[in-house]
Amino acid sequence: MAAALKRAYLAVYNWAVFSGWAQVLYYAVTTLLRSGHQDVYAAVERPLQLAQTAAVLEIIHGLVGLVRSPISATLPQIGSRLFVTWGILWSFPETTTHILVSSLVISWSITEIIRYSFFGTKELLGSAPSWLQWLRYSSFLIMYPTGISSELGLIYIALEYIKASEKYSFRLPNAWNYSFDYFYASIMVLLIYVPGSPHMYTYMLGQRKKALSKSKTM
């Protein structure tokens, strides 16, 4: 009974988030074709925020043992995306008309449509078709570099607005005797991408080799 409830919950979760990302991709592509890249963010803002923030549940799923995904791989990827979604795009609207927003949301949404449909199908049917498994473990070869490049570019573009506005920064003296500079924190995030991105890409290559070799022997 518990196993059935777990599978039902995960199926509903995966297909619900899949629908959110499908909406993001539809709005992004139609807006891009109709009126240009400068209007893409306005069209996708709400479904993008909902779909990306819903990924926080995946951290909880891993912590409580609902899924086997390691937190060490899940947390940095979700954390960086939430930082771009809320800490950059939502916080600094000056960045939202850049063409990198289009490459960002299209890369993210294609990746997530494939990923959530793969896991949703596995929870519903017990397995996924080979073509969907291949897409799940191969689409990142292109989508990860384009997505990461867009993330890095948007954070870099936002730096001048972060510095000028001093948003989210705390200066001394204050009641807490604590200072924080969002500008330098954002630079630190950029620097973390340098070793983090190759590490994640190598990790996913290993996962791809393991998953596809296993499917060949079945």
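**Salt bridges, helix packing and a surface patch**

Glu58 and Arg115 are both buried. The model they belong to is a predicted one, and in it these two residues pair up in a salt bridge, with 3.0 Å between the closest N and O atoms. Glu58 sits in helix 3 and Arg115 in helix 5, so the bridge ties together parts of the chain that lie 57 residues apart in sequence. In the whole structure, the search turns up five salt bridges.

Another of these bridges joins the side chains of Glu166 and Arg171, at 3.3 Å from N to O. Here the setting is more open to view: Glu166 counts as partly exposed because its relative accessible area is 43%, and Arg171 is partly exposed too, at 41%. Arg171 also forms a salt bridge with Asp181, where the closest N and O atoms are 2.9 Å apart. Both Asp181 and Arg171 belong to the loop between helix 7 and helix 8, so this pair links parts of the chain that are ten residues apart in sequence. Asp181 has a relative accessibility of 18%, and therefore counts as buried, the cut-off being under 20%. Elsewhere, salt bridges with shared partners connect Glu58, Arg81, Glu112 and Arg115 into one network.

The loop that holds Glu166 has something to say about backbone angles as well. Glu166 is placed between helix 7 (140–165) and helix 8 (182–217), and its phi is near 55°, a positive value in a residue other than glycine. Tyr168 lies in the loop between helix 7 and helix 8 too, and here phi is near 70°, again positive in a residue that is not glycine. What makes such values worth a mention is the general trend: most residues other than glycine have a negative phi. As for its surroundings, Tyr168 is partly exposed, at a relative accessible area of 35%.

Next comes the packing of helices. Two packed helices are described by the angle between their axes and by the distance between those axes. For helix 2 (residues 40–53) and helix 5 (residues 99–125), the axes come within 11 Å and cross at roughly 35°. The crossing of helix 2 past helix 5 is left-handed. On the helix 2 side, the residues that meet the partner are Val40, Tyr41, Val44, Leu48 and Gln52, while helix 5 brings Val101, Ser102, Val105 and Trp108.

Glu58 turns up again in the contacts of Thr74. Leaving out residues up to four places away in sequence, Thr74 touches Glu58, Ile59 and Ser69. Thr74 is part of helix 4 (residues 71–90), and with a relative accessible area of 11% it is buried.

A contact between distant parts of the sequence involves Arg7, a residue of helix 1. Arg7 and Leu124 are 117 residues apart in sequence, yet their C-alpha atoms are 7.3 Å apart in space. With residues up to four places away in sequence set aside, Arg7 touches Lys122, Glu123, Leu124, Leu125 and Gly126. At 36% relative accessibility, Arg7 is partly exposed.

Finally, there is a nonpolar patch on the surface. Tyr9, Val56, Leu57, Ile60, Leu63 and Val64 make it up, and together they have about 520 Å² of accessible area. Helix 3 (residues 56–64) gives the most to the patch, with five residues. Tyr9, by contrast, is located in helix 1 (residues 2–34), and it counts as partly exposed, since its relative accessibility is 34%.

Terms used. Residues are numbered from 1 along each chain as its sequence is written. This is a predicted model: local features need pLDDT of at least 70, side-chain atom pairs count only at pLDDT 80 or more; totals for chains, interfaces and linings use all residues. Side-chain values use heavy atoms; hydrogens and water are left out. Patches are made of residues with over 30% relative accessible area and no salt bridge: like charges are joined within 9 Å, nonpolar side chains (Val, Leu, Ile, Met, Phe, Trp, Tyr) within 5 Å. Accessible areas come from the Shrake-Rupley method with a 1.4 Å probe; for residues, only the protein chains shown count as cover. A salt bridge is a side-chain nitrogen of Lys or Arg within 4 Å of a carboxyl oxygen of Asp or Glu. Helices (H or I, at least four residues) and strands (E, at least two) are DSSP runs, numbered from the N terminus. Buried means under 20% relative accessible area, exposed over 50%, partly exposed in between (1.4 Å probe, protein chains only). Axes are lines fitted to C-alpha atoms, for helices over the stretch in contact, and angles run from 0 to 180 degrees between N-to-C directions. A crossing is left-handed if the near helix is turned anticlockwise from the far one by less than a right angle, and right-handed if clockwise. Contact means heavy atoms within 4.5 Å.
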